[in-house]
Amino acid sequence: MLEPLQDADDPGEELQDADDPGEELHNLHNPLDPGHEYHKERRRRMRLLKLRRRSLRDMADPFNVTTEAFIRSYRLTQDLVFSLIDLIRPFIRQTTSPLAVPLERKVLAVLSFYATGSYQTPTGQRFDCPIAQPTLCAFIEEVSNAIYEDEVLYRLIKFPSNVREAELCIDRNRRLGGKIDGTVGYTDGSLFKVKKPSLEDNIQAFIGRKNYCCINAQITCDRRLYIMNVLASYPGSTTDSFIFEDCELRRRMAGLNERRPCHLLGDSGYVIEPWMIIPFRQPEEDTPEFRFNQAHCSDRNAVERCIGVLKERFRFLNDGRVPLYEYTKVSKFVYVGVVLHNLCVLADVPLPLDLNNINLANNEFNEAGPEEFEEDDIENPEVPIGGRNARDLILRGHAVRQEIMNELEHRHQQQHR
């Protein structure tokens, strides 16, 4: 007679017999052998024993998975999620109800929505966070508002506020492969789709150059792809140069530039200034201007990659998704996505997707090349004083760009001697 099944948990005699080299194996699979049924049942119990000893993860605990699987679902690591929860907990309404959903569950459900860019209903039907669509909608609003708090934004989106911090950024960019010295960061605009606004909201203002409703967000990053400044409050038809001219970033760069010559790198959608360096317009090949453009393009590619990684890491910002939200909510989502992106950059969290399949080109500036001015216009009495000041800044910007080009050309000649 066979022993009861519960004795199979004892790894003693049966496991020892299974490894006995003197056991006759030629009769194990012979159905005519009298011991065939015995060996068949014995093998079945051995398989049960192995299954019982195997460690199965707790399906009720979404954190009990591998780091790679967790990043694939939520884009952050387990430790980073707990850090985020501690950061936003003061801004979440506290409740003592025993039926309340734990904050950890709320954050995971919202991160899943951010990461996949899916509709709220299928997001709420995931096996690890089964939540009804109206409830998930409330969670998204609650968690997004908490991340959108000024204290959280100022803590995780930082631009240099003094010369020392600016020099740290300049040195870091140089160590990470930057070719143009004195560069604090890299700036570009990017379009984010929004739901079609009403006529009262001036729908024409939101139609960008790609003929869909969107907002135009100005993003400035360093070579780590850490976003130091973001401004996501302008309609899609607003030009990149207008956003920069009217923003606090420009005023801060002007103040830094007075104490320490430094600049940002932008594309031809911006107007050249001492603190905003743009490429030359269509230079001839094998000229100093052409080599400057190559170095400029190589450095400024950081912001192109940054925007591509941001939209691919958190696909609710991706261009391929259907716009379902008003422009005010999309603007908030952009700031939330930047905060989460910076968390990933600071913690060195890898992107779970293959960047080789991502189109990182970001040719989304909304105007032609900037207007060029002649030096004689500065003293022209018919030109308004404000216009003369703008022209003076442009000429100073040309002088700064010329100095940078001369330095790059000097390096080029030394390397080819």
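Me: Before we get to the helices, what does "axes" stand for here?

Reply: Axes are lines fitted to C-alpha atoms, for helices over the stretch in contact, and the angles run from 0 to 180 degrees between N-to-C directions. With that in hand, take helix H3 (residues 67–74) and H5: their axes come within 7 Å and cross at roughly 70°. Keep in mind that this is a predicted model.

Me: What makes H3 and H5 roughly perpendicular?

Reply: Angles from 65 to 115 degrees count as roughly perpendicular. The crossing of H3 and H5 is roughly 70°, so the pair is called roughly perpendicular. On the H3 side the contact is made by Phe70, Ser73 and Tyr74, and on the H5 side by Leu108, Leu111, Ser112 and Ala115.

Me: And why is H4 called roughly perpendicular to H5?

Reply: Run the check again with helix H4 (residues 78–88) and helix H5 (residues 103–116): the axes come within 10 Å and cross at roughly 110°. The window is 65 to 115 degrees, so H4 gets the label roughly perpendicular to H5. The crossing of H4 past H5 is right-handed. H4 brings Val81, Phe82, Leu84, Ile85 and Ile88 to the contact, and H5 brings Leu103, Glu104, Val107, Leu108 and Leu111.

Me: On to the sheet. What makes S3 and S5 edge strands?

Reply: The sheet is open, with five strands in the order S3-S2-S1-S4-S5 and mixed pairing. S3 and strand S5 (276–277) each pair on one side only, and that is what puts them at the edges.

Me: How do you know that S1 and S2 pair?

Reply: Two strands pair if DSSP finds at least two bridges between them. Strand S1 (residues 183–193) and S2 are joined by eight bridges and run antiparallel, so they pass that cut-off. Among the bridges, tyrosine 186 has cysteine 221 of S2 as its partner, and glycine 189 is matched with glutamine 218 of S2.

Me: Which helices pack on the sheet?

Reply: One is helix H9 (residues 163–175), which touches S1 and S3, with its direction at about 85° to that of S1. Another is helix H13 (residues 327–346), touching S1, S2 and S3, with its direction at about 170° to that of S3.

Me: What makes the sheet's pairing "mixed"?

Reply: Look at both senses. S1 and S4 pair in the parallel sense over three bridges, with glycine 185 bridged to leucine 264 in S4. Strand S2 (residues 214–221) and S3, on the other hand, pair in the antiparallel sense over six bridges. In that pair glutamine 218 stands opposite leucine 231 in S3. S2 and S3 also form a hairpin with five residues between them, and in the turn leucine 225 has a positive phi of about 75°.

Me: Why is S1 described as largely enclosed?

Reply: Buried means under 20% relative accessible area. In S1, 10 of the 11 residues are buried, so the rest of the structure largely encloses this strand. Strand S3 (residues 227–235) has seven of its nine residues buried, so S3 is also largely enclosed by the rest of the structure.

Me: How confident is the predictor in the protein chain?

Reply: The mean pLDDT is 81, and 76% of the residues reach 70 or more. Confidence is highest in strand S4 (residues 263–265), at 97, and lowest in helix H1 (residues 13–18), at a mean of 43. Over residues 1–28 the pLDDT is below 50, and this stretch has 33 contacts in the model beyond near neighbours in sequence. Residues 363–386 also have a pLDDT below 50, with 51 such contacts beyond near neighbours in sequence.

Conventions. Residues numbered from 1 in each chain as written. Predicted model: local features only at pLDDT ≥ 70, side-chain atom pairs only at ≥ 80, totals over all residues. Heavy atoms only, no water. pLDDT = per-residue confidence, 0-100. Helix = DSSP H or I, 4+ residues; strand = E, 2+ residues; numbered from the N terminus. Contact = heavy atoms within 4.5 Å. Buried < 20%, exposed > 50% of the residue type's maximum accessible area, 1.4 Å probe, protein only. Parallel < 35°, antiparallel > 145°, perpendicular 65-115°, else oblique. Left-handed = near helix turned anticlockwise from the far one by under 90°.
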